[in-house]
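This report describes the overall dimensions of one protein, then one strand and one cavity. The sequence and structure come first.

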Amino acid sequence: MGQDVDRRTFSRRDRQRYRAKVQRCLDALAVMLREHPFARDEPMTGLEVELNLVDHDLAPSLAGADVLRAIGAAQFQSELGRWNLELNLPPRPLPGDQWQHLERQLVDELAVARSSAVDCGAQLAVIGILPTLQRHDLVVEALSPDPRYETLNEQMLGARGEPIRLDIAGDDPSGRHGVEPEHLTADFDSIAPEAACTSMQLHLQVHPDSFAGYWNAAQCLAGVQLAVGANSPFLLGSRLWAETRIPLFEQSCDVRTPELRNQGVRPRVWFGERWITSILDLFSENGRYFPALMPHTDDDSDPMAELEAGTVPGLDELRLHNGTIWRWNRPVYDVADGVPHVRVENRVLPAGPTVVDMVANALFFYGLLRTLVEAERPLWSMMSFEAAEENFITAARHGLEGPLYWPGTGWIRPDELVLRKLLPQAADGLARWGVESDVTDRFLSIIEQRCVARRTGAAWQLDTVAALESAGADRPTALHGMLERYLEHSAANEPVHTWPLPG
């Protein structure tokens, strides 16, 4: 979706041509996977972080364009909402102490963004869902005035044919907060609710021969990632899931009517439905199951002809189509310096709470990936795909409170699973990547202490709001007070498990 789209309307013939062009791209990719060399450099990683802007009252600030101009740096870009920004850090190798340098760079970049935001009368919030959002904030006027977002809004609402419906039922399995579950239902005439989801996206460049293993492993880990990294418990004043961003994103991007859902039509925000043997499986599913949202075709290019001429095709239509299907672990094809490569894009985690927490989450993920991929018996050969998806939903709902299924262990609480089994495996995987031991120790100890304290970003938000409400605050006042404290702690870059509670 980073590609420019300069059209707002598409004809039936446009859609027909686009479908044929996507298939032509698939044919070219199949040939390339068999015959063409792909990048084999040292493991390259990438990081994207979506950010929120709030005003002095901690309500969404629509100053995104002004803040971007004040920053004046290409790594910061607009996002769907006018209160959003996105930071894209350049790719870097995984070995050595590179991610320690990345932490410092991310701290510095966010400091620049915070300063520029203040100059524009705003503040920066690094969080999965802005807890002070209200229904009147999620309107079409709050979308960024970018042609691709305007087109996406029109095409998604046109495909759905009716308002976007949010229907999310919360619960409190721990019983710690002693209140009845809350339930949010609301209709919207734009895709603005999608902009309420701000995430951290992790990229890992791998060779096509090993892509399937890394994607399958990432699917296995999605539930664990959410359980230890949840940071989005509130939406529009309601206390819902530990990671409410998951159902919010699924529902805000759902172009199916209830009738199509009942027929089993696949959603565009998708966990998937099976383990794969090749990256081609995922791109083929994209073409087979999902109609085009943005059928923009370059009639002057022919990927098969480009291959035959000895040039590397961009596969633009395939990439644009892939950008409108939001898998939680998404395949990426790209070309850098004339050399093609593929990546796993992990979209599971929310932004925040701090830079050090986000880097810890990333290295925990990368380390476990390597260990699972190189295991003598792949984890996914001992675990049904349905079990992996159930773990994902359980963790999104309950965070550290919901038991997960793990082969060889059975049902186990996520913090126990991490402390007993996964932290040593993550450390082993990072050692195999060549990450320095002091880097591993620093960041994995944060995951360890988070599990010992049983305090994720979501848990801290929930406990803080509960404490403020117990002291007499109503929900809006408690959310405001919680976010005020959150912004202060987040900017200090102290890990969330050390954050104090009111009183």
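How many helices and strands are there in the protein? There are 17 helices and 15 strands, where helices (H or I, at least four residues) and strands (E, at least two) are DSSP runs numbered from the N terminus. The model is predicted, so local features need pLDDT of at least 70 and side-chain atom pairs count only at pLDDT 80 or more, while totals for chains, interfaces and linings use all residues. Residues are numbered from 1 along each chain as its sequence is written, and side-chain values use heavy atoms, leaving out hydrogens and water.

**Overall dimensions**

The C-alpha trace spans about 70 × 50 × 45 Å along its principal axes. The radius of gyration of the protein is 22 Å, which agrees with the value near 23 Å for a compact globule because the chain has 503 residues; the radius is taken over C-alpha atoms, and the globule rule is 2.2 Å times the number of residues to the power 0.38. Of the 503 residues, 59% are buried, that is, under 20% relative accessible area with a 1.4 Å probe and protein chains only. Among contacts (heavy atoms within 4.5 Å) between residues at least 6 apart in sequence, 77% join residues at least 24 apart.

**Strand β1**

Strand β1 covers residues 44-54, and 11 of its 11 residues are buried. In a regular strand the side chains alternate between the two faces of the sheet. In β1, Met44, Gly46, Glu48, Glu50, Asn52 and Val54 point one way, and Thr45, Leu47, Val49, Leu51 and Leu53 point the other way.

The table gives its pairings; two strands pair if DSSP finds at least two bridges between them.

| Partner of β1 | Sense and bridges | One facing pair |
|---|---|---|
| β3 (residues 84-93) | antiparallel, 8 bridges | glutamate 50 and glutamate 86 |
| β7 (residues 200-206) | antiparallel, 5 bridges | leucine 47 and leucine 202 |
| β4 (residues 123-125) | antiparallel, 3 bridges | asparagine 52 and alanine 125 |

**The second largest cavity**

The whole structure holds 2 cavities of 30 Å³ or more. On a 1 Å grid over the protein atoms alone, a cavity is a set of points where a 1.4 Å probe fits but cannot get out, and lining residues have an atom within 4 Å of a point. Grid points are joined across faces, edges and corners, and a volume is the space filled by probe spheres set on the points.

The second largest cavity holds about 40 Å³. Its lining consists of Gln225, Val228, Gly229, Leu349, Asn361, Phe364 and Phe365. Helices α6 (208-229) and α12 (355-373) each supply at least two of the lining residues. By type, the lining has 4 nonpolar residues, 3 polar and no charged, with Ala, Val, Leu, Ile, Met, Phe, Trp, Tyr, Cys and Pro counted as nonpolar, Asp, Glu, Lys and Arg as charged, and the others, Gly among them, as polar.

Definitions and conventions. On a 1 Å grid over the protein atoms alone, a cavity is a set of points where a 1.4 Å probe fits but cannot get out, and a pocket is an open set with protein on both sides within 12 Å along at least five of seven lines; lining residues have an atom within 4 Å of a point. Buried means under 20% relative accessible area, exposed over 50%, partly exposed in between (1.4 Å probe, protein chains only).
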